[in-house]
Each structure stands twice: as structure tokens, then as C-alpha cells.
Amino acid sequence: MEEQVKRKSGLATAGLVLGIVGIVLSFIPIIRFVAYPLAALSFIFGLIPLIGKKSIGKAVAAIVLGIATLISTVVMQAATVKAVDTAINTATDSLNDMTGDNTDALLKNDVDVTIGEFKIVKGDYFDSYKLPVTVKNKGKEKASFLVKVEAVDKNGERIEDDSVSVDTLNAGQSQSCEAFTLITSETAKQLKSATFKVVEVSKF
């Protein structure tokens, strides 16, 4: 009988120790999974002596720690998963911003692109060409942009495309650039009656 009492008291003590270790491990991301079996053992080792009404204080403490370990592990695991998901989504969005895959979202939230009138400037020896493009950073942080502009004819057929880049615009700052400066005279004639549109924006 005395041996059985000692055994149950030992279980309560073991449950208490396992509960303490488990709740500590629940805060450590890499080895957090170990806390699950420790929580179960702490609960069981506390429940057995409690049923036998032996070492009730330790038994109750072990049960409480087992439950607390389980809750803490679940909560911390959920927080870790959420943090990882947020980091992945942020990285994905940043990558999509750089590759031009977020063009619609960037034009809506981060940048305004204003396209002027295509001009042919007559020169003594050769003509020059330019399409004024103004890029404005309407975001809240500094950013650089690469804007691709496409020229299409009245049938919607692509004539030519060109890109302009602006470096490190502060929030609310704008910069004017020129596109289609290096084209042939034949292309320039087509661009005089062309429609210009932004087809891709990259943000860095």
C-alpha cells in the first residue's frame, strides 16, 4: 500500500516536471512539437494520483500545467504559422511588384502615369522624337519604377513599345521622362496617330 502511494506521488511529481518543461518548450519554435506529448503525459500523470486522492496538490498542478502547455503550444503554433504566411505573402507581393505582375494594383495604389502627346521635332539634319511620360509616386514610401508604354494603331495592333524608368521617388514626388526617342522616321509617322497605353509597371 505504501509503495502504491509512493508510486502515485511520483507520478504527480513527474507530471509536474513534464508540465513545466512542456510549457517552456511551447515557446520554442523549432522543438515546439515535443510539447504536445509532454502536455498529454503531464495531464495523465496528474490525473492518476488525483483519482486515487494522493498528492492532490501536485496532481492538480500537473493537470493544470498539462492543459496550459497544450493551449500555449496551439496558440504559439498558430502565431508562428500566421507570421510565416505574412512573410511569404509580403515577399510574394514584393516579387510580383518587381516583375510587373502587380501592374493593376500598382496603378491603383502606388503610381500615377500620365502620357503626353507624341511629338516630332524637326531638325536641320535629322528629326528627334519624344513622348512625354510623367510618373508620380502616390505611395507612402520611396520607390523606383519601370513603366512600359505600348503604341497601338486604330485597329488595336501593336506598333512599338518603350520603357521609362525613374529612380527613388519620394512619396508624392513626380518625374517627367521621354519615351520613343530612338525610333525610325517610319515608326514616328505611325506613332503620330497612335494610341498609347501603360501595359506594365514594375516597382523596386
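Is R158 buried or partly exposed? R158 counts as partly exposed, at 48% relative accessibility. The model discussed here is predicted. Its largest nonpolar core has 25 residues. Three of its strands form an open antiparallel sheet. Six salt bridges are present in the structure.

**Nonpolar core**

- Within the 25-residue core, the members that touch the most other members are F118, L131, V135, F145, F180, L191 and F196.
- Six elements each supply at least two core residues: β3 (128-137), β4 (143-152), β5 (158-169), β6 (174-179), α5 (185-191) and β7 (195-203).
- The top contributor is β4, which gives five residues to this core.
- In soluble globular proteins, nonpolar side chains tend to be buried together.
- Beyond its neighbours within four places in sequence, F196 contacts I115, F118, L131, V149, E150, A151, F180 and L191.

**Sheet**

- The strand order in the open sheet is β5-β4-β7, with antiparallel pairing.
- β5 and β7 are the edge strands, and each pairs on one side only.
- From one strand to the next, the twist averages 20 degrees.
- Strands of a sheet pair through backbone hydrogen bonds, either parallel or antiparallel.
- β4 and β7 run antiparallel and are joined by eight bridges.
- E150 sits opposite K197 of β7.

**Salt bridges**

- Side chains of opposite charge can pair when their charged atoms come close.
- R158 and D161 meet through their side chains in a salt bridge, at 2.4 Å from N to O.
- D161 is partly exposed, with a relative accessible area of 21%; it falls short of buried because that class requires under 20%.
- E150, R158 and D161 belong to one network, joined by salt bridges that share partners.
- E150 therefore appears in three places: in contact with F196, opposite K197, and in this network.
- K130 pairs with E178 in a salt bridge, with the closest N and O atoms 3.9 Å apart.
- K130 is in strand β3 and E178 is in strand β6, so this pair ties together parts that are 48 residues apart in sequence.
- Both ends are partly exposed: K130 at 27% relative accessibility, E178 at 46%.
- K122 forms a salt bridge with D127, and their closest N and O atoms are 3.4 Å apart.
- K122 is exposed, with a relative accessible area of 68%, whereas D127 is partly exposed at 26%.

Notes. Residues are numbered from 1 along each chain as its sequence is written. This is a predicted model: local features need pLDDT of at least 70, side-chain atom pairs count only at pLDDT 80 or more; totals for chains, interfaces and linings use all residues. Side-chain values use heavy atoms; hydrogens and water are left out. A nonpolar core is a set of buried Ala, Val, Leu, Ile, Met, Phe, Trp, Tyr and Cys residues joined through side-chain atoms within 4.5 Å. Buried means under 20% relative accessible area, exposed over 50%, partly exposed in between (1.4 Å probe, protein chains only). Helices (H or I, at least four residues) and strands (E, at least two) are DSSP runs, numbered from the N terminus. Contact means heavy atoms within 4.5 Å. Two strands pair if DSSP finds at least two bridges between them. Axes are lines fitted to C-alpha atoms, for helices over the stretch in contact, and angles run from 0 to 180 degrees between N-to-C directions. A salt bridge is a side-chain nitrogen of Lys or Arg within 4 Å of a carboxyl oxygen of Asp or Glu.
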